[in-house]
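Below is a short note for a colleague who has not yet looked at this structure. The points can be read with the model open alongside.

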Amino acid sequence: NSLLYQRGIYPPETFERKQKYGLGMLVTTDESLKAYLVNVLQQINDWMMQKMLQKLVLVITAVGSKEVLERWVFDIEQEKDVNEDGTATVEKPAKEITAEISAIIRQITASVTFLPLLEEACTFDLLVYTNTESAVPKEWEESDARYIASNAEQVKLRSFSTSVHKVEGMVSYKASED
């Protein structure tokens, strides 16, 4: 939601402010986008619980040229101290997890200020990397990695961890060719 708002993928009037992670976040009110996100996030949650999720990538693409302009990558690593049922052997306080998530959301918001303006209409895709033995819903489709073709810059984002997962973030973007 935050990236879709910050990068102008959907009009600002299709978002409303909600409190999450101790922050005022903008969340979509677009029913079709909400339905899509609920569907995708439910499947991602299932894969996370099965320890099969490796990476989540949000790709921003120019509508007209289909050129990849940004690639937001979130690598997900299963923590070592996890029981067979997916619960943590050592619990991390929820307040600490919330603070770390809040920090990465703030960093994402701040990083948008130095990214090039998206001067044409853009769309997004979510790419989900799983273990090879993962069952994939039949309505999902295979995709290539959707890398930025030329003149890419990268910025590493903060990481955060729960008691069960560690998430490392990074954004790649097409630098202006001045």
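1. A salt bridge, as the term is used here, is a side-chain nitrogen of Lys or Arg within 4 Å of a carboxyl oxygen of Asp or Glu. The model discussed is a predicted one. Seven salt bridges turn up when the whole structure is searched. One of them joins Arg7 to Glu70, with 2.5 Å between the closest N and O atoms. Arg7 sits in the loop between α1 and β1 (15-20) while Glu70 belongs to strand β4, so this bridge ties together parts of the chain 63 residues apart in sequence.

2. Are the two partners of that bridge buried or exposed? Arg7 counts as buried, at 9% relative accessibility. Glu70 is also buried, with a relative accessible area of 1%. The cut-off behind both statements is a relative accessible area under 20%.

3. The surroundings of Arg7 deserve a look. Leaving out residues up to four places away in sequence, Arg7 touches Ile60, Glu70, Val112, Leu115, Pro116 and Leu118. The C-alpha atoms of Arg7 and Ile60 are separated by 8.8 Å, although their positions lie 53 residues apart along the chain. To put that exactly, Arg7 and Ile60 are 53 residues apart along the chain.

4. Now the overall layout. The protein has three helices and seven strands. Taken in sequence order, these follow the pattern α-β-β-α-β-β-α-β-β-β. Of its 178 residues, 41% count as buried. The exposed surface comes to about 10,700 Å², and carbon and sulfur atoms supply 51% of that area.

5. How much of the contact pattern joins residues at least 24 apart in sequence? Among contacts between residues at least 6 apart, the share is 66%.

6. The largest nonpolar core holds 35 residues, and those that touch the most other members are Leu4, Leu58, Trp72, Phe74, Ile108, Phe124 and Leu126. Two or more residues of this core come from each of α1 (2-6), β2 (23-28), α2 (31-49), β3 (53-62), β4 (68-78), α3 (94-111), β5 (122-130) and β7 (165-174). Another core, of six residues, lies apart from it and includes Val57, Val73, Leu127 and Ile148.

7. Trp72 is a convenient place to examine the largest core, as one of the residues that touch the most other members. Trp72 is found in strand β4 and is buried, with a relative accessible area of 0%. Beyond its neighbours up to four places away in sequence, Trp72 touches Leu3, Leu56, Val57, Leu58, Ile60, Ile108, Ser111, Leu115, Leu157, Met170 and Val171. For Trp72 and Ile108, which are 36 residues apart along the chain, the C-alpha atoms are separated by 9.7 Å.

8. Which residues is Phe74 in contact with, neighbours within four places in sequence aside? They are Gln54, Lys55, Leu56, Ile104, Ile108, Leu157, Val167, Glu168 and Gly169. Leu56, Ile108 and Leu157 from this list are also among the residues that Trp72 touches.

9. Two further salt bridges can be compared with the one in point 1. Glu31 and Lys34 meet through their side chains, with an N to O distance of 3.3 Å. Both belong to helix α2, and because they are three residues apart there, about one helical turn separates them. Glu31 is exposed, with a relative accessible area of 55%, whereas Lys34 counts as partly exposed at 32% relative accessibility.

10. The other bridge is between Lys174 and Glu67, whose closest N and O atoms are 3.3 Å apart. This pair links distant parts of the chain, since Lys174 is in strand β7 and Glu67 in the loop between β3 and β4, 107 residues apart. Lys174 counts as buried at 15% relative accessibility, and Glu67 is partly exposed with a relative accessible area of 27%.

11. A last point concerns a pocket. The second largest pocket has a volume of about 640 Å³. It is lined by 18 residues, and the closest to its centre are Leu126, Val128, Trp140, Glu141 and Ser143. Two elements, α2 and β5, give two or more residues to the lining. The largest share, six residues, comes from β5. Leu126 therefore appears twice in this note: it is also listed among the core residues that touch the most other members.

Key:
Residues are numbered from 1 along each chain as its sequence is written. This is a predicted model: local features need pLDDT of at least 70, side-chain atom pairs count only at pLDDT 80 or more; totals for chains, interfaces and linings use all residues. Side-chain values use heavy atoms; hydrogens and water are left out. A nonpolar core is a set of buried Ala, Val, Leu, Ile, Met, Phe, Trp, Tyr and Cys residues joined through side-chain atoms within 4.5 Å. Buried means under 20% relative accessible area, exposed over 50%, partly exposed in between (1.4 Å probe, protein chains only). Helices (H or I, at least four residues) and strands (E, at least two) are DSSP runs, numbered from the N terminus. Contact means heavy atoms within 4.5 Å. Accessible areas come from the Shrake-Rupley method with a 1.4 Å probe; for residues, only the protein chains shown count as cover. On a 1 Å grid over the protein atoms alone, a cavity is a set of points where a 1.4 Å probe fits but cannot get out, and a pocket is an open set with protein on both sides within 12 Å along at least five of seven lines; lining residues have an atom within 4 Å of a point. Grid points are joined across faces, edges and corners, and a volume is the space filled by probe spheres set on the points.
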